[in-house]
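The exercises below are meant to be worked through with the sequence and the 3D view side by side. Each one sets a task and then gives a solution in steps.

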Amino acid sequence: MENDVRMKFHQQLLLIDQNLVDGDVAALKFLCTDLLPFRKLEGVKSAVGIFQLLMAEDYLNEEDTFILAELLYRIKCHSLLKKLGYTKERVEGCLPEKGRVSAYRQMLFELSENITSEMLKAISFLLRNRLPKQWSALQLLLLLEKQGLISENNVQMLEDICRNVSPDLLETVNCYERTEGLILQFVIFLHLLSCEVITGEKSSLSIYLSTAKQILGSTKLRLPSRCKGNSLPEFHPLVLLSVFQSCFRSFFFFFLQKIASYKMDGLHRGFCLVINNVKFDKTLQERKGSCKDAEELKRVFTWLGLDVRIYKDQTSGQILKLMETWQQSQDHKDRDCFVCCVLSHGESGAIYGKDEQLVAIRKIMSHFTAKQCPQLAEKPKLFFIQACQGKQIQCPVFLEADAPIPDLPSMAHIVSPSESIPEEADFLLGMATMNGCVSFRHVQQGAWYIQALCSKLQLLVPRGEDILSILTEVNEDVSRRVDHLGTKKQMPQPAYTLRRKLIFPVPKDPPPS
């Protein structure tokens with residue numbers, strides 16, 4: 001029986017390993033730096049190797065898998081948590097008590113996640129005498145630690161670097177310092193308190209409790225529920241210290257998430273444009289079922305707080321004119337974000353207008369760069385494209401491909417989603433399919449991609465998931481779909497230059513469907 005449990009546990013670990021890529025393994029190694037011997041960790045090449053080291057150090061076993069759940073959570077592999085019997089919400093609830101990754105390591109990892117390639121070039125230039133070659137952000141931070149330039153108690157160099165490179169990065173470091181400073185205050189406070197308890201002088205305990213409340217007041221946190229009025233809980237000060245440390249770690253975790261997310265708490269969420277091309281002037285087929293997609297997008301994004309506008313059967317010229325109009329709108333100023341959905345036929349890197357003329361996706365998006373649309377600068381701009389990116393293929397009668405018939409001219413070359421995004425931050429492009437491939441639309445139920453997108457938004461926004469995590473779930477949903485003959489499949493492809501997490505506030509009303 002015991003052998004069966006151990007075998008099942010090892011099978012779980014192997015399955016998780018098979019679902020992790022090289023970047024995930026590098027992130028796991030970084031997060032385990034404070035937990036495992038560095039020399040052993042440095043030579044590890046796979047996730048299984050990390051799991052073995054964790055087991056050797058008694059962090060991980062078949063009865064307690066939380067350390068692995070925490071690590072998967074921190075590298076945003078939320079879909080793998082269920083293989084350990086966890087959910088994202090359960091992990092978050094356990095972190096204050098059971099979390100092993102230090103606030104310092106969290107801070108460094110958050111920095112690495114938000115350091116763009118341009119920022120990395122700037123940092124490399126600032127540290128050119130200390131860097132042997134072009135390194136990744138994680139390698140850079142590890143090198144600074146190895147050289148003794150940064151540590152848990154000394155992040156001055158990080159401050160100096162971030163001050164020159166990015167205010168957002170600097171705020172992450174400052175948040176860590178404020179949290180650690182508050183914990184230090186409590187260490188001193190509880191030391192004095194313990195002296196009072198040991199000597200039996202309790203007359204001034206209310207003064208210490210008042211001090212505790214003042215310290216916590218600066219974080220908008222509360223004392224544990226057992227600290228009512230001017231009384232203190234009846235347990236040892238060292239236990240109380242542990243409680244407060246956990247409280248502050250939770251605050252750091254919450255604040256880190258807050259500053260790492262786009263501001264989405266304004267009075268007005270933003271505008272959502274839906275361009276729905278159903279009928280075309282010449283030889284392109286009518287896109288039956290697309291009106292269902294448009295209405296579903298309207299319901300879901302209205303529920304999310306956006307002001308939705310639908311434009312049906314637009315020519316290429318009208319699409320560009322529409323983009324120019326919204327580019328010049330002053331109403332974006334008080335909005336949190338901008339969303340644009342295009343439902344049409346398409347080819348690689350472009351969509352068709354009603355007049356069957358191609359419009360490059362990049363041209364559509366370029367209207368909303370910081371230079372062209374200052375009102376949306378540093379705000380997330382989301383574009384969802386339901387259109388084929390390749391030639392039409394023969395499909396069953398209830399499935400149609402959003403692509404032109406073979407006789408129509410095609411684009412000269414394949415254009416990847418990353419090429420369609422303007423070369424600046426804060427854009428996300430969600431493509432229904434990969435380059436050169438068709439995307440499928442049921443003539444009654446709507447497109448696979450749009451229906452999955454709307455379904456996952458309704459399911460996961462109330463759980464606090466960010467947009468990239470949601471699109472990962474959309475990918476999984478669509479990839480599992482198949483036509484009734486079992487021969488046609490589809491894989492969406494997102495591309496983005498978002499600098500932060502995009503988390504839609506949970507609506508007060510229940511999901512629309």
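Rings of Phe, Tyr and Trp (its six-membered ring) are taken as a pair if their centres lie within 6.5 Å, and planes under 30 degrees apart count as stacked, over 60 as edge-to-face and the rest as tilted. The model is predicted, and the values that follow are computed from it.

**Exercise 1. Aromatic pairs**

Task: Find how many aromatic pairs the rule gives, classify the pair formed by Phe-301 and Phe-384, and state which residues are linked into a cluster by ring pairs.

Solution.
Step 1. Applying the rule to the structure gives 7 aromatic pairs.
Step 2. For Phe-301 and Phe-384, the ring centres are 6.3 Å apart and the planes stand at 35°, so this pair is tilted.
Step 3. Because Phe-301 belongs to helix H14 (residues 290-303) and Phe-384 to strand E7 (residues 381-386), the pair ties together parts that are 83 residues apart in sequence.
Step 4. Phe-301 has a relative accessible area of 1% and is therefore buried, and Phe-384, also with a relative accessible area of 1%, is buried as well.
Step 5. Turning to Phe-383 and Phe-427, the centres of their rings are 6.1 Å apart with the planes at 25°, so the pair is stacked.
Step 6. Since Phe-383 lies in strand E7 and Phe-427 in strand E9 (residues 427-431), this pair ties together parts that are 44 residues apart in sequence, and both Phe-383 and Phe-427 are buried.
Step 7. Ring pairs join Phe-383 and Phe-427 with Phe-338 and Phe-368 into a cluster.

**Exercise 2. The surroundings of Asp-336**

Task: Decide whether Asp-336 is buried or exposed, and identify the side chain with which its own side chain makes a polar contact.

Solution.
Step 1. Asp-336 is located in strand E3, which covers residues 335-343.
Step 2. Its relative accessible area is 5%, and because buried means under 20%, Asp-336 is buried.
Step 3. The side chain of Asp-336 is joined to that of Arg-269 by a polar contact of 2.7 Å.
Step 4. Once neighbours within four places in sequence are set aside, the residues in contact with Asp-336 include Lys-263, Met-264, Asp-265, Gly-266, His-268 and Gly-270, as well as Lys-379 and Pro-380.

**Exercise 3. A charged residue in a loop**

Task: Place Glu-465 among the helices, and then work out which residues it touches.

Solution.
Step 1. Glu-465 sits in the loop between helix H18 (448-460) and helix H19 (467-480).
Step 2. With a relative accessibility of 9%, Glu-465 counts as buried.
Step 3. Beyond its neighbours within four places in sequence, Glu-465 is in contact with His-78, Lys-88, Leu-460, Ile-470 and Ile-503.
Step 4. Among these, Lys-88 is linked to Glu-465 through a side-chain polar contact of 3.4 Å.
Step 5. Glu-465 and Leu-502, which are 37 residues apart in sequence, are separated by 8.7 Å from C-alpha to C-alpha.

**Exercise 4. An internal cavity**

Task: Describe the second largest cavity by its volume and by the residues of its lining.

Solution.
Step 1. Rolling a probe the size of a water molecule over the atoms shows where empty space is left.
Step 2. Searching the whole structure yields 3 cavities of 30 Å³ or more, and the second largest of them has a volume of about 60 Å³.
Step 3. Its lining includes Leu-111, Ile-115, Ile-123, Leu-140, Leu-158, Cys-162 and Leu-169.
Step 4. Helix H9 (137-146) and helix H10 (156-165) are the elements that give two or more residues to this lining.
Step 5. By residue type, the lining of the second largest cavity divides into 10 nonpolar, no polar and no charged residues.

**Exercise 5. Helix H5 and the whole chain**

Task: Establish how many residues of helix H5 are buried, and set this beside the percentage of buried residues in the protein chain.

Solution.
Step 1. In helix H5 (residues 66-74), 9 of the 9 residues are buried, so the helix is largely enclosed by the rest of the structure.
Step 2. Among these buried residues of H5 are Glu-70 and Arg-74.
Step 3. Just after H5, Lys-76 adopts a positive phi of about 65°.
Step 4. In the protein chain, 52% of the 513 residues are buried, and the chain contains 19 helices and 12 strands.

How values were computed. Residues are numbered from 1 along each chain as its sequence is written. This is a predicted model: local features need pLDDT of at least 70, side-chain atom pairs count only at pLDDT 80 or more; totals for chains, interfaces and linings use all residues. Side-chain values use heavy atoms; hydrogens and water are left out. Helices (H or I, at least four residues) and strands (E, at least two) are DSSP runs, numbered from the N terminus. Buried means under 20% relative accessible area, exposed over 50%, partly exposed in between (1.4 Å probe, protein chains only). A polar contact is a pair of N or O atoms within 3.5 Å; within protein, one must be able to donate a hydrogen and the other to accept it, and residues adjacent in sequence count only if both atoms are side-chain atoms. Contact means heavy atoms within 4.5 Å. On a 1 Å grid over the protein atoms alone, a cavity is a set of points where a 1.4 Å probe fits but cannot get out, and a pocket is an open set with protein on both sides within 12 Å along at least five of seven lines; lining residues have an atom within 4 Å of a point. Grid points are joined across faces, edges and corners, and a volume is the space filled by probe spheres set on the points. Ala, Val, Leu, Ile, Met, Phe, Trp, Tyr, Cys and Pro count as nonpolar, Asp, Glu, Lys and Arg as charged, and the others, Gly among them, as polar.
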